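Thanks, everyone; I would like to take a few minutes to go through one model with you, starting from the ligand and then turning to the aromatic side chains.

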Amino acid sequence: MDEITISTTLQVYDNINELPKDIQSLMDSAIEARNNAYAPYSNFNVGAALLLDNDEVVIGSNQENASYPSGLCAERTAIYYAGAKYSKAKILKMAISASSQNQVTDKPIPPCGACRQSIAEYEIKQDQPIEIYFMGAKGKVVKSKSLSNLLPLLFDNSVL
Ligand code: THU
């Protein structure tokens, strides 16, 4: 039997003010996007903002449904909108902020597994890493230089 070890490296900023100015501004867009979340069931608002290589910023927020699985996360709302509206543009950076209406969300909230798989598809399609920054409502911000750091052993089209 062989064993493999998978490791990843992430950067951690103490708070939003430590981020480079352009990322602060992208994170501000994600925070603002939380206001458009439709989350009457979870009371958990998530906002995402994408910076594209055509300088457009595309936002998304989670949109829930009485039939729970029909809802969609903020990250996928944003990334599918970017794909639909700017199909030729590359996605350079993604900022995510999440806030619970029930408690203070003061630790970084990473994208869920389904969102990671969806973001991976676009990273592979554009053959260029997508930088990802995620936080709660306040506190530390985590940076991943590429989606692939967050999803080892991802499923891709090479096996289809
Ligand atoms: N949610 C997101 O928008 N992104 C994630 O990565 C995790 C979860 C949303 C889905 C649902 O509306 C609420 O947060 C609670 O799961």
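What follows is a short walk around the ligand site and then a look at one ring pair.

Please keep in mind throughout that this is a predicted model.

Let me begin with the location: the ligand sits in the largest pocket, and the residues that surround the ligand there are Ser42, Phe44, Val46, Asn62, Glu64, Cys73, Ala74, Glu75, Pro111 and Cys112. Sorted by class, that shell has 6 nonpolar, 2 polar and 2 charged residues, and among the elements of the fold, β2 (44–52) and α2 (74–85) each supply at least two residues of the shell.

Which atoms of the ligand, then, lie opposite Glu64, Ala74 and Glu75? For Glu64, an N or O atom of the side chain is 2.5 Å from an oxygen atom of the ligand, whereas Ala74 places a backbone N or O atom 2.9 Å from a ligand oxygen. With Glu75, the partner is a nitrogen atom of the ligand, which lies 2.8 Å from a polar side-chain atom of that residue. As for burial, the ligand on its own has 370 Å² of accessible area, of which the protein covers 75%.

Turning to the aromatic side chains, the structure holds 2 aromatic pairs. In one of them, the ring centres of Tyr41 and Tyr68 are 5.5 Å apart and the planes stand at 45°, so the pair is tilted. Because Tyr41 lies in the loop between α1 (21–33) and β2, and Tyr68 in the loop between β3 (57–61) and α2, this pair ties together parts that are 27 residues apart in sequence.

How values were computed: Residues numbered from 1 in each chain as written. Predicted model: local features only at pLDDT ≥ 70, side-chain atom pairs only at ≥ 80, totals over all residues. Heavy atoms only, no water. Near = heavy atom within 4 Å. Polar contact = N/O pair within 3.5 Å; in protein donor to acceptor, adjacent residues only side chain to side chain. Areas by Shrake-Rupley, 256 points an atom, 1.4 Å probe, with all protein chains shown as cover. 1 Å grid on protein atoms, 1.4 Å probe; cavity = no way out; pocket = protein on both sides within 12 Å on 5 of 7 lines; lining within 4 Å. Sits in = over half its atoms within 2 Å of the grid points. Helix = DSSP H or I, 4+ residues; strand = E, 2+ residues; numbered from the N terminus. Nonpolar A, V, L, I, M, F, W, Y, C, P; charged D, E, K, R; others polar. Phe/Tyr/Trp six-rings, centres within 6.5 Å; stacked < 30°, edge-to-face > 60°.
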